[in-house]
Amino acid sequence: MNEQDQLFMQVAIELAKQAAVNGEVPVGAVVVKDGEIIGRGSNAPIGLNDPSAHAEILALRDAAKNISNYRLVDCTLYVTLEPCAMCSGAIQHARIANLVYGASDLKTGACGSVINLMTEEKLNHHTTVKSGVLAEKTGQILSDFFKQRRPTKKL
């Protein structure tokens with residue numbers, strides 16, 4: 001894990017924390033091109049009444065708008081949680097070169113935990129994936145969020 005990965009993941013973590021404040025599952029994402037953040041997103045499906053309003057999708061939309069191009073060639077997406085199938089598909093359609101994520105998602109992760117769309121040979125674009133960047137910190141944010149929302153069972 002290099003310093004740049006940590007720096008951009010920390011920005012994604014701050015976006016995840018903002019999502020939690022808004023009552024959303026705390027996931028944050030940033031798109032980086034040439035060392036600069038060009039897109040930001042935090043989970044907002046509840047607030048936007050939009051099932052596609054995941055942090056990754058919102059960051060991709062923001063980046064595409066900011067560079068006036070739906071293709072995000074030579075960009076890296078940093079996200080606090082392993083992307084789901086929907087987000088993995090969007091990442092590939094956007095032609096993201098690199099994906100860096102924090103915590104693995106053992107229930108819906110589509111970059112290796114449940115399935116791996118990033119290495120599917122039949123698909124025409126493949127994104128390089130680096131996992132586990134600040135995973136303990138990103139995972140703890142999610143754990144804390146769900147602990148507050150789910151009552152603990154007493155024996």
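Me: How many disulfides does the count come to in this chain?
Reply: The model is predicted, so local features need a pLDDT of at least 70 and side-chain atom pairs count only at pLDDT 80 or more, whereas totals for chains, interfaces and linings use all residues. Residues are numbered from 1 along each chain as its sequence is written, and side-chain values use heavy atoms, with hydrogens and water left out. A disulfide is taken here as a pair of cysteine sulfur atoms within 2.5 Å, and by this rule the number of disulfides is zero.

Me: Why is Cys75 without a bond to the closest cysteine sulfur, and how far away is that sulfur?
Reply: The closest cysteine sulfur to that of Cys75 belongs to Cys87. The two sulfur atoms are too far apart for a bond, because the distance between them is 16 Å.

Me: How far from Cys87 is the nearest cysteine sulfur?
Reply: Cys87 is in no disulfide, and it is buried, with a relative accessible area of 0%, where buried means under 20%, exposed over 50% and partly exposed in between, with a 1.4 Å probe and protein chains only. The nearest cysteine sulfur to that of Cys87 is in Cys84, at a distance of 3.8 Å.

Me: Which element gives the most residues to the largest nonpolar core?
Reply: A nonpolar core is a set of buried Ala, Val, Leu, Ile, Met, Phe, Trp, Tyr and Cys residues joined through side-chain atoms within 4.5 Å, and the largest one in this chain has 23 residues, of which Val31, Leu60, Leu72, Leu77, Ile91, Ile96 and Leu99 touch the most other members. The elements that give two or more residues to this core are β1 (28-33), α3 (55-67), β3 (75-81) and β4 (98-103); helices (H or I, at least four residues) and strands (E, at least two) are DSSP runs numbered from the N terminus. With five residues, the element that gives the most is α3.

Me: How many residues are in the other core, the one that includes Ile13 and Leu134?
Reply: This core lies apart from the largest one, and among its members are Ile13, Val30, Val32 and Leu134. In soluble globular proteins, nonpolar side chains tend to be buried together. The number of residues in this other core is twelve.

Me: What pattern does the chain follow when read along the sequence?
Reply: The chain has five helices and five strands. Taken in order along the sequence, these elements give the pattern α-β-β-α-α-β-α-β-β-α.

Me: What is the radius of gyration of the chain?
Reply: The radius of gyration is taken over C-alpha atoms, and the globule rule is 2.2 Å times the number of residues to the power 0.38. That rule gives 15 Å for 155 residues, and the chain is close to this value, so it is as compact as a globular protein of that length, with a radius of gyration of 15 Å.

Me: Is Ser68 buried or exposed?
Reply: Ser68 sits in the loop between α3 and β3, and although it is not a glycine, it has a positive phi of about 55 degrees. Most residues other than glycine have a negative phi, and most peptide bonds are trans. With a relative accessible area of 69%, Ser68 is exposed.

Me: Is Arg95 buried or exposed?
Reply: Arg95 is placed in the loop between α4 (85-93) and β4, where it takes a positive phi of about 65 degrees just after α4. Because its relative accessibility is 19%, Arg95 counts as buried.

Me: Which elements are included in what covers the buried residues of α4?
Reply: The buried residues of α4 are Cys87, Ser88, Gly89, Ile91 and Gln92. What covers these residues includes α3, β3 and β4.

Me: Which residues does Ile67 touch, not counting residues up to four places away in sequence?
Reply: Ile67 is found in helix α3, and it is partly exposed, with a relative accessible area of 32%. Contact means heavy atoms within 4.5 Å, and, with residues up to four places away in sequence set aside, Ile67 touches Ile38 and Leu72.

Me: Where is the place of Ser42?
Reply: Ser42 is buried, with a relative accessible area of 17%. Not counting residues up to four places away in sequence, Ser42 touches Leu15, Ala19, Val27, Gly28, Ala53, Ala55 and Leu58. Its place, within residues 36-42, is in strand β2.
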